[in-house]
Amino acid sequence: MEDEKASGDAADPEGRKLVTPRGGNVAPSARFLQVELELNTHLRRLTFSGPVRYVYNPLEYAWDAHRCYVDKYCRGGQAVLFLGMNPGPYGMAQTGVPFGEVKSVVDWLRISGAIGRPPDEHPKRRIAGLACAQSEVSGARFWGFFRSLCGEPAQFFKHCFVHNLCPLMFMGASGKNLTPPELLAAERDALLKLCDVALCQVVRALGVSMVIGVGRVAEQRARRALAADGVGGVRVEGIMHPSPRNPRANKGWAEIARAKLSELGVVSLLSDGSG
């Protein structure tokens, strides 16, 4: 099982070194990107079989747009990390941004950057990048909610950041999206072990005090990973996933999310203009 940590300076998908100074103050965005690049190195060594026919990694082909997102919004002092599970076909797979529905990414988050294509594309799941005309419902709901609550991205990212546990998207031969729990057990466990290690590194690097899993699987995985790694002082909570596959989410996800986030104190945090 592939689980050793990378050492030294990682390189981005174009082979450029992302140098992390030894000692001194390192920007949270640089620490975050370093973790992701090291995770990428490990993920390239994994193989998948069974139901998986196609694997997309937007941290490879959409690195420029993803780095734009991280450089722009990953800052020090953010208390809350929203954690999704893995990319959707019309969200992060297209844009490199978690829950990255194209309209939200372009119009609200104002992300730009070159987006290429994975080496092996399903004909029904082509990557069009920021020109993708298909809207991802989950991402539109997620970012739309925070846009209505915060007005401008700066207010949201003053206190919060958004990340996915796993950067890979999986599909079967038909193009059907497969979530990590649907993988063969040994392959899923090898994958999530690496992602758990990276999550703990991210939480330490960002210094957040709360991780909010978007969906039960992400919440449970975060709770298990942080406890196993001995990461203390971090509260793990969860909100309902905004997926259209969830009948309850289709009956008013925004209201359900607002109620839970109000209970957790996040709504008042984001509504405080003095933040």
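Let's start right where helix α6 ends: just after α6, Gly151 takes a positive phi of about 85°. Keep in mind that this is a predicted model. A similar note can be made about another helix, as α9 is followed by Gly230, whose phi is positive, near 75°.

**Two helices side by side**

Here is how α6 and α9 look on paper.

| Helix | Residues | Length | First to last C-alpha | Expected span |
|---|---|---|---|---|
| α6 | 137–150 | 14 residues | 20 Å | 20 Å |
| α9 | 216–228 | 13 residues | 18 Å | 18 Å |

So which residues of α6 are buried? They are Ser138, Gly139, Phe142, Trp143, Phe145, Phe146, Leu149 and Cys150. Look down the axis of α6 and these buried residues fall within an arc of 145°, so they line one face of the helix.

Now try α9. Its buried residues are Ala218, Glu219, Arg221, Ala222, Ala225 and Leu226. Seen down the axis of α9, they fall within an arc of 165°, so they too line one face of their helix. What covers those buried residues of α9? The cover includes the strands β2 (80–84), β6 (210–214) and β7 (235–239), along with helix α8 (185–206). Flip to the face of α9 turned away from the buried side and you'll meet the exposed residues Arg216, Arg224, Ala227 and Ala228.

**Two helices that pack**

Two packed helices are described by the angle between their axes and the distance between the axes. For helix α1 (residues 28–43) and helix α3 (residues 63–73), the angle is about 145° and the axes are 9 Å apart. Their crossing is right-handed. On the α1 side, the contact is made by Ser29, Phe32, Leu33, Glu36 and Leu37. On the α3 side, Trp63, His66, Arg67, Val70 and Asp71 take part. Sort the residues of this contact by character and you get 5 nonpolar, 2 polar and 3 charged.

**One residue to find: Leu269**

Finally, hunt for Leu269, which lies in helix α11 (residues 266–271). Is Leu269 buried, partly exposed or exposed? Its relative accessibility is 28%, and since buried means under 20% and exposed over 50%, Leu269 counts as partly exposed. Leaving aside residues up to four places away in sequence, Leu269 touches Val80, Gln155 and His159. Val217 sits 52 residues from Leu269 along the chain, and the C-alpha atoms of the two are separated by 25 Å.

Methods: Residues numbered from 1 in each chain as written. Predicted model: local features only at pLDDT ≥ 70, side-chain atom pairs only at ≥ 80, totals over all residues. Heavy atoms only, no water. Helix = DSSP H or I, 4+ residues; strand = E, 2+ residues; numbered from the N terminus. Expected span 1.5 Å × (residues − 1). Buried < 20%, exposed > 50% of the residue type's maximum accessible area, 1.4 Å probe, protein only. Arc of directions from axis to C-beta. Axes fitted to C-alpha atoms, helices over the stretch in contact; angles between N-to-C directions. Left-handed = near helix turned anticlockwise from the far one by under 90°. Contact = heavy atoms within 4.5 Å. Nonpolar A, V, L, I, M, F, W, Y, C, P; charged D, E, K, R; others polar.
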